[in-house]
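Biologist: Could you take me through this model and say, for each term, what earns it?

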Amino acid sequence: MPRRKKQEDHDNHEAWAIPYGDLVTLLLAFFVVMYAMSSVNEGKYRVLSDSLAEAFHGTPHSAQQMQEAGPHSQPVEQMPLTQVNRMIVGGLPARHMMQAPEQPEENAAVSEGDKTGADSPASLADANASELGHVAEDVDAAMQSLIEAGQVHVQRHDNWVTVDISSDILFTSGVARLSGPAVGVLQRLADSLRRFPNAIRVTGHTDDRPIRTVAFPSNWELSTARAASVVHLFMDRGIAAQRLSVMGFGEYRPVMPNATETGRNANRRVEVMIMGRDGNSEP
């Protein structure tokens, strides 16, 4: 029986591709690591450095957090960064970032002897009272005819001025839209208040007779809507909206008993309240 020839081994001419692929993969990993190490958050490094110094020496080397570089930032001290530290710092979470301690403002402490008399509470109170006095005088001058007729009442208090306007000259019964004569009255009042910076609160009041309509289910809605109508006129007249506020009390803040027609007429009113400059005192 003839002997079978031993099959000859063929040379693998593509064996070089395996180590070549491994080499390319290693080079890619190397450049990725180099790129990652090239961008370092120096603030996080300083936090890590201080934490390690505190752990080994008891006190932190520095408590100042390094700031990110910017167009107006001050040059910071450069510290040697090893490859291990770079890799560790890159993974620090944001919650470990320390805030720089607040620096005391220069000349922040002022002795009592350095305070001027103009800033004392007594002087501020006098200035507030003087300003409210000017407000009351201007309102009296603008509403003189209605004050004499008993339809407008101006009351001067310590920290505010109140202008009570009868609703009979502003609105018809059950309506929140200003009447024609009321527009001129409120425009004169707005012109006298426009030059003062004080806050203005407009409140609406009604008598105790109930109202149940589609627009106004109760006196709450009616009183608030009437106050809002006055505020809109003030805004159209040039008073800044930031100075204005609206409130509605319905029939729950009467000035006279509602048992008589005179009392009900007195309770149907709109109050324009000019507050003091400090804004701390509430009526």
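Modeller: What follows sets some computed values against their definitions.

Modeller: This is a predicted model, in which local features need pLDDT of at least 70 and side-chain atom pairs count only at pLDDT 80 or more, while totals for chains, interfaces and linings use all residues. Residues are numbered from 1 along each chain as its sequence is written, and side-chain values use heavy atoms, with hydrogens and water left out.

Biologist: What makes strand β5 mostly covered?

Modeller: Buried means under 20% relative accessible area (exposed is over 50%, partly exposed in between; 1.4 Å probe, protein chains only), and 7 of the 7 residues of β5, residues 269-275, are buried. Both faces are covered, with R269, E271, M273 and M275 buried on one side and V270, V272 and I274 on the other.

Biologist: How do you know that β2 and β5 pair?

Modeller: Strands are DSSP runs of E with at least two residues, numbered from the N terminus, and two of them pair if DSSP finds at least two bridges between them. Strand β2 (residues 160-166) shares 7 bridges with β5 in the antiparallel sense, and W160 has M275 as its bridge partner. Strand β3 (residues 200-205) is joined to β5 by 6 bridges, also antiparallel; T203 is partnered with E271 and R201 with M273.

Biologist: Why are β1 and β4 called edge strands?

Modeller: The open sheet of 5 strands has the order β1-β2-β5-β3-β4, with mixed pairing. Strands β1 (152-156) and β4 (244-250) each pair on one side only, and are therefore the edges under the pairing rule.

Notes: Helices (H or I, at least four residues) and strands (E, at least two) are DSSP runs, numbered from the N terminus.
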